[in-house]
Amino acid sequence: MTPDIKPLIAGNWKMNGLTAALSELRIVSDAVTPAIAARADVLLCVPATLIAQASSASYGSPLMIGAQDCHAAVSGAHTGDISAEMLVDAGAQMIIVGHSERRADHGETDAAVRAKAEAAIRAGVPAIVCVGETAAQRQAGKALTVVGGELAGSVPDSANAETVVIAYEPVWAIGTGLTATPDDVNEVHAFIRQELVLRFGAEGYRFRILYGGSVKPSNSAELLAVSNVDGALVGGASLKAADFLAIIGV
Ligand code: PGA
């Protein structure tokens, strides 16, 4: 945790969830009381198909609903794509961009991710910009170089702590059950903080830097206690309300 930064616990349902899954979301939205939300912002990034229903289902709760990706353009001839404005119109309050699964599955470059982050900001919601090295890159001693390059390329120049959240997600820890050790997380998060301060000056101290990669109830407290860890991006464990709530500390 960083003093004076309100943590963000964000769930990422990925390509999981039909209408029936809203029952899990309702359990979360009922449990996230204003008292809990005063301690931490809580977000669930559901599939685009569920954003409108999830927003209605959580109406009146401080639980925020988010999206997992957006197109960079406002509108146009991009069959099947969804603009940030459309996601916000449906109820999205934050948008994840540059998740490693999108970088890998869709060949998204840093420039593409930056354009998507700018689109989220243009649409009026914060972008959660994901960065992280692969196992091979870490073994080659290049973790910080890769993370630094992705940060430089993916975070817009206009970013500030209100418009951009950084998520450090080592690719080898996503969905694998493997988590980075607190020492590894500490090293990378301190590096990200330093890079943000170099680029954005004092504002760099205010950005939220989330950790993601096999965060679960059994390891979340230890990871969230690491300095410069200002929250978590939770995949698999966000699908079950009980697990997600345990990570929030409910
Ligand atoms: P995981 O996913 O928690 O299932 O490892 C994290 C993520 O990809 O955001």
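This passage describes the sheet, the helices packed on it and the ligand site of a predicted model.

The sheet is open and has eight strands. Their order is S3-S2-S1-S8-S7-S6-S5-S4, and the pairing is parallel. Strands S3 (64-66) and S4 (95-97) stand at the edges. Each has a single partner strand, so one side of each is left without a neighbour in the sheet. From one strand to the next, the twist averages 25°. Strands of a sheet pair through backbone hydrogen bonds, in either a parallel or an antiparallel manner. At the S3 edge, strand S2 (residues 41-45) is joined to S3 by three bridges, and the two run parallel. Within this pair, Leu43 stands opposite Met64 in S3.

Two helices that pack on the sheet are described here. Helix H9 (residues 182-200) touches strand S5 (127-131), strand S6 (164-168) and strand S7 (209-212). The direction of H9 makes about 150° with that of S7. Helix H11 (residues 241-248) touches strand S1 (8-12), S2 and strand S8 (231-234). Its direction makes about 160° with that of S1.

The ligand has 13 residues around it. Lys14, His99, Glu169, Gly175 and Ser214 come nearest. By class, the shell consists of seven polar, four nonpolar and two charged residues. Side chains and backbone both supply short polar distances to the ligand. For His99, an N or O atom of the side chain is 2.6 Å from an oxygen atom of the ligand. For Glu169, the corresponding side-chain distance to a ligand oxygen atom is 2.7 Å. Gly175 approaches through its backbone: an N or O atom there lies 2.6 Å from an oxygen atom of the ligand. On its own, the ligand has 280 Å² of accessible area. The protein covers 95% of this area.

Lys14 also stands out in its backbone geometry. This residue, one of those that come nearest to the ligand, has a positive phi of about 55° although it is not a glycine. Lys14 lies in the loop between S1 and helix H1 (22-31). A positive phi is also found at Asn228, another residue other than glycine, with a value near 70°. Asn228 belongs to the loop between helix H10 (220-224) and S8.

Notes. Residues are numbered from 1 along each chain as its sequence is written. This is a predicted model: local features need pLDDT of at least 70, side-chain atom pairs count only at pLDDT 80 or more; totals for chains, interfaces and linings use all residues. Side-chain values use heavy atoms; hydrogens and water are left out. Two strands pair if DSSP finds at least two bridges between them. Helices (H or I, at least four residues) and strands (E, at least two) are DSSP runs, numbered from the N terminus. Axes are lines fitted to C-alpha atoms, for helices over the stretch in contact, and angles run from 0 to 180 degrees between N-to-C directions. Contact means heavy atoms within 4.5 Å. A residue is near a molecule or strand if one of its heavy atoms lies within 4 Å of it. A polar contact is a pair of N or O atoms within 3.5 Å; within protein, one must be able to donate a hydrogen and the other to accept it, and residues adjacent in sequence count only if both atoms are side-chain atoms. Accessible areas come from the Shrake-Rupley method with a 1.4 Å probe; for residues, only the protein chains shown count as cover. Ala, Val, Leu, Ile, Met, Phe, Trp, Tyr, Cys and Pro count as nonpolar, Asp, Glu, Lys and Arg as charged, and the others, Gly among them, as polar.
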